[in-house]
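Open the model in your viewer and keep the sequence panel in sight. The tour below goes from one selection to the next and says what is found at each stop.

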Amino acid sequence: MSLPLRDVAVPAPIRPFELQPLLREARRRALAAGAPYAGLVHPREAHDLVTYAGAVLVDVRSRAEWELVGRVPGGVLVPWRGYPCTDPDPRFLEQLAEQVERDDLLVFMCRSGNRSHAAAEAAARGGFTRAL
């Protein structure tokens with residue numbers, strides 16, 4: 001499934017930060033896209049959620065990307081797949097549960113959005129109720 005966010009204009013940041021309107025809009029986008037997780041967020045919204053709402057940034061890139069390309073301070077690394085593998089890590093949900101709580105507000109991140117989309121889907125199906 002291709003994410004529809006690439007064709008949508010990035011909204012202006014919500015100032016002062018208002019969590020519930022952002023989450024409602026993210027949920028509306030997810031429902032419109034048929035995504036099974038709690039919401040689709042734009043990068044600016046993800047930043048606001050992590051900065052102002054205490055969301056956990058879950059970096060699903062490979063360890064090689066995390067070490068060589070860089071990392072977001074405060075984010076946790078839970079690779080969706082290991083380099084150079086193309087299949088999802090069968091221990092992904094187990095590793096995610098070691099890093100976060102199932103009811104934490106989670107923002108998934110990767111380079112293009114494809115792995116974060118797949119990881120958020122898996123997380124939602126695995127009982128992580130606030131995966132974005």
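Helices here are DSSP runs of H or I of at least four residues, numbered from the N terminus. The model is a predicted one. With that numbering in mind, select Glu121, which lies in helix α5.

**Stop 1: Glu121 and its surroundings**

Does Glu121 sit buried or exposed, and what is the nearest side chain of opposite charge? Glu121 is buried but takes part in no salt bridge. The nearest side chain of opposite charge belongs to Arg125, 4.2 Å away. A salt bridge needs a side-chain nitrogen within 4 Å of a carboxyl oxygen, so at 4.2 Å Arg125 does not make one with Glu121.

Now show the contacts of Glu121. Leaving out residues up to four places away in sequence, Glu121 touches Pro36 and Tyr37. Select Pro36, which is in the loop between α1 and α2 (43-52). Pro36 is partly exposed, with a relative accessible area of 34%. With the same sequence neighbours left out, Pro36 touches Glu121, Ala124 and Arg125. Draw a distance between the C-alpha atoms of Pro36 and Ala124: the two residues are 88 apart along the chain, and the atoms are separated by 6.7 Å.

**Stop 2: helix α5 as a whole**

Extend the selection to the full helix. α5 has 12 residues and spans 17 Å from its first C-alpha to its last, close to the expected 16 Å. Colour the buried residues of α5: Arg115, Ser116, His117, Ala119, Ala120, Glu121, Ala122 and Ala123. What do the buried residues of α5 pack against? They pack against α3, α4 (92-99) and β3 (106-109). Past the helix, select Gly127, which follows α5 and has a positive phi, near 100 degrees.

**Stop 3: from α5 to α3**

Go back to Arg115 and add Glu65. The side chains of Glu65 and Arg115 meet in a salt bridge, with 2.6 Å from N to O. This pair links distant parts of the chain, since Glu65 is in helix α3 (residues 63-68) and Arg115 is in helix α5 (residues 114-125), 50 residues apart. Both Glu65 and Arg115 are buried.

**Stop 4: charged side chains on α1**

How many salt bridges does the structure hold? There are 8. For another of these, select Arg28 and Glu25, whose side chains form a salt bridge at 2.5 Å, N to O. Both lie in helix α1 (residues 19-33), 3 residues apart, or about one turn of the helix. Arg28 is partly exposed, at 47% relative accessible area, and Glu25 is partly exposed as well, at 30%.

Keep Glu25 selected and add Arg29. Glu25 also forms a salt bridge with Arg29, the closest N and O atoms being 3.7 Å apart. These two are in α1 too, 4 residues apart, again about one turn of the helix. Arg29 has a relative accessibility of 10%, so it counts as buried. Add Glu45 to complete the selection: Glu25, Arg28, Arg29 and Glu45 are linked in a network of salt bridges.

**Stop 5: the nonpolar cores**

In soluble globular proteins, nonpolar side chains tend to be buried together. Select Val58, Val60, Phe92, Leu96, Val100, Leu106 and Phe108, which touch the most other members of the largest nonpolar core, a set of 22 residues. Elements giving two or more residues to this core are β1 (56-59), α4, β3 and α5. Which element gives the largest share of this core? That is α5, with 4 residues.

Narrow the selection to Leu106. Leaving aside neighbours within four places in sequence, Leu106 is in contact with Val56, Val58, Val100, Phe128, Arg130, Ala131 and Leu132. Apart from the largest core lies another one, of 11 residues, including Leu22, Leu105, Val107 and Leu132.

**Stop 6: an aromatic pair**

For the last stop, select Trp80 and Phe92. A search of the whole structure finds 1 aromatic pair. The ring centres of Trp80 and Phe92 are 5.0 Å apart and the planes stand at 80 degrees, so the pair is edge-to-face. Trp80 is in the loop between β2 (76-77) and α4, while Phe92 is in helix α4, 12 residues apart. Both Trp80 and Phe92 are buried.

Notes
Residues are numbered from 1 along each chain as its sequence is written. This is a predicted model: local features need pLDDT of at least 70, side-chain atom pairs count only at pLDDT 80 or more; totals for chains, interfaces and linings use all residues. Side-chain values use heavy atoms; hydrogens and water are left out. Buried means under 20% relative accessible area, exposed over 50%, partly exposed in between (1.4 Å probe, protein chains only). Lys and Arg count as positive and Asp and Glu as negative; His and the chain ends are not counted. Contact means heavy atoms within 4.5 Å. The expected span of a helix is 1.5 Å times one less than its number of residues. A nonpolar core is a set of buried Ala, Val, Leu, Ile, Met, Phe, Trp, Tyr and Cys residues joined through side-chain atoms within 4.5 Å. Rings of Phe, Tyr and Trp (its six-membered ring) pair if their centres lie within 6.5 Å; planes under 30 degrees apart count as stacked, over 60 as edge-to-face and the rest as tilted.
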